[in-house]
Amino acid sequence: MFDPLLLRSFVAVADCGNFTRAAERLHLTQSTVSQQLRRLEESLGCRLLDRSQRQVVATAEGEQLLGYARRILALQDEAAEVLRHQPGSGVLRLGVPEDFAAERLMPVLAEFSAAWPGVRLEVTSGLSPELLRLYQGGEFDLLLVKRMGDGGDSLASWPEPLGWVGSASHPAYGREPLPLVVFPSGGLYRNEMLHGLDVQGRRWRIAYSSASLASVRAAVAAGLGVSLLPLRVLGPEHRLLGKEEDLPEIQGLRLALYGRKGLGRAEEELVGRLKALCGADDSCGGEFIR
């Protein structure tokens, strides 16, 4: 039985005419490719490549094997692709920020589940730093997360405008020290809030803390304190604080979409639906990295 790894190295060297270029194509070292070719030749009991010339060429036996090797590898790739992309099978694990696990995301997930009834969609919401840690540990297939700065190796990224927010009817701004409504320690908005106020030398105190976006929004609306929130989550009960309040400007927050390697058809479709959702949202800006 032929080892596909050895056949891939053989085909790569035959195509490139050079061990160095073949190794670069396969993302292997040159010595590894050479060893694999020797193993293949030893198993067949014949020379497959003529290394005596400036450009490596296939011997008569090598030319005979080359056609079979290409067919074997093509069939293997075809079988893997069919099995990987079978519709309606498996589990798809998605992580989303807490403020996205609401009505704006639910229709997208419902439509996806209806289109892929055999896929068990598992959605986890939470704070972005914890979600990112879980994704890096292999807990999610797809992740929509908040990050400061560029998303790096994300599939797509959009700006997420922030603003200082108070109550429309019970203003808390002007109290000393400034009362704050925050997410728990480690939360993205909380870190930026406290750092910006410290740089300004402004006195502050934590008046209310919650991991729930709904609770944070309600606390701000009730006048318990001011907070830093995405502009898209503000309601008529909130007032966006402007330049006259002289609060620190916070920029650079982005919403980033990540996906593990080798996504199947179902995952790719959900990626497209999430891109369309964020790209259609004016507050997200619709800027794709790649």
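A crossing of two helices is right-handed if the near helix is turned clockwise from the far one by less than a right angle. In this predicted model, the crossing of helix 1 and helix 2 is right-handed. Two packed helices are described by the angle between their axes and the distance between the axes. Helix 1 covers residues 4–16, and helix 2 covers residues 19–26. Their axes come within 8 Å and cross at roughly 130°. An angle that is neither under 35 degrees, nor over 145, nor from 65 to 115 counts as oblique. Helix 1 and helix 2 are therefore oblique to each other.

Residues from both helices build this contact. Helix 1 contributes Arg8, Ser9, Ala12, Val13, Asp15 and Cys16. Across from them, helix 2 supplies Phe19, Arg21, Ala22, Arg25 and Leu26. Six of the contact residues are nonpolar, one is polar and four are charged.

Helix 2 also meets helix 3, which spans residues 30–44. Here the axes come within 8 Å and cross at roughly 100°. Angles of 65 to 115 degrees count as roughly perpendicular, so helix 2 is roughly perpendicular to helix 3. On the helix 2 side, the contact is made by Phe19, Thr20, Ala23 and Leu26. Helix 3 answers with Gln30, Val33, Ser34 and Leu37. This contact holds five nonpolar residues, three polar ones and no charged ones.

Further along the chain, helix 6 runs through residues 128–136. Its buried residues are Ser128, Leu131, Leu132 and Tyr135. Seen down the axis of helix 6, these residues fall within an arc of 100°, so they line one face of the helix. Several strands cover them. Among the covering elements are strand 3 (91–97) and strand 4 (120–126). Strand 5 (142–148) and strand 12 (253–259) are also included. Glycine 138 follows helix 6, and its phi is positive, near 85°.

A second glycine, glycine 166, lies in strand 7, which comprises residues 162–167. Buried means under 20% relative accessible area. Glycine 166 has a relative accessible area of 3%, and is therefore buried. Which residues are in contact with glycine 166, leaving aside its neighbours within four places in sequence? They are Val220, Val226, Glu237, His238, Arg239 and Leu241. Proline 248 is 82 residues from glycine 166 along the chain. The C-alpha atoms of glycine 166 and proline 248 are separated by 15 Å.

Key:
Residues are numbered from 1 along each chain as its sequence is written. This is a predicted model: local features need pLDDT of at least 70, side-chain atom pairs count only at pLDDT 80 or more; totals for chains, interfaces and linings use all residues. Side-chain values use heavy atoms; hydrogens and water are left out. Axes are lines fitted to C-alpha atoms, for helices over the stretch in contact, and angles run from 0 to 180 degrees between N-to-C directions. Helices (H or I, at least four residues) and strands (E, at least two) are DSSP runs, numbered from the N terminus. Contact means heavy atoms within 4.5 Å. Ala, Val, Leu, Ile, Met, Phe, Trp, Tyr, Cys and Pro count as nonpolar, Asp, Glu, Lys and Arg as charged, and the others, Gly among them, as polar. Buried means under 20% relative accessible area, exposed over 50%, partly exposed in between (1.4 Å probe, protein chains only). The arc is that of the directions from the helix axis to the C-beta atoms.
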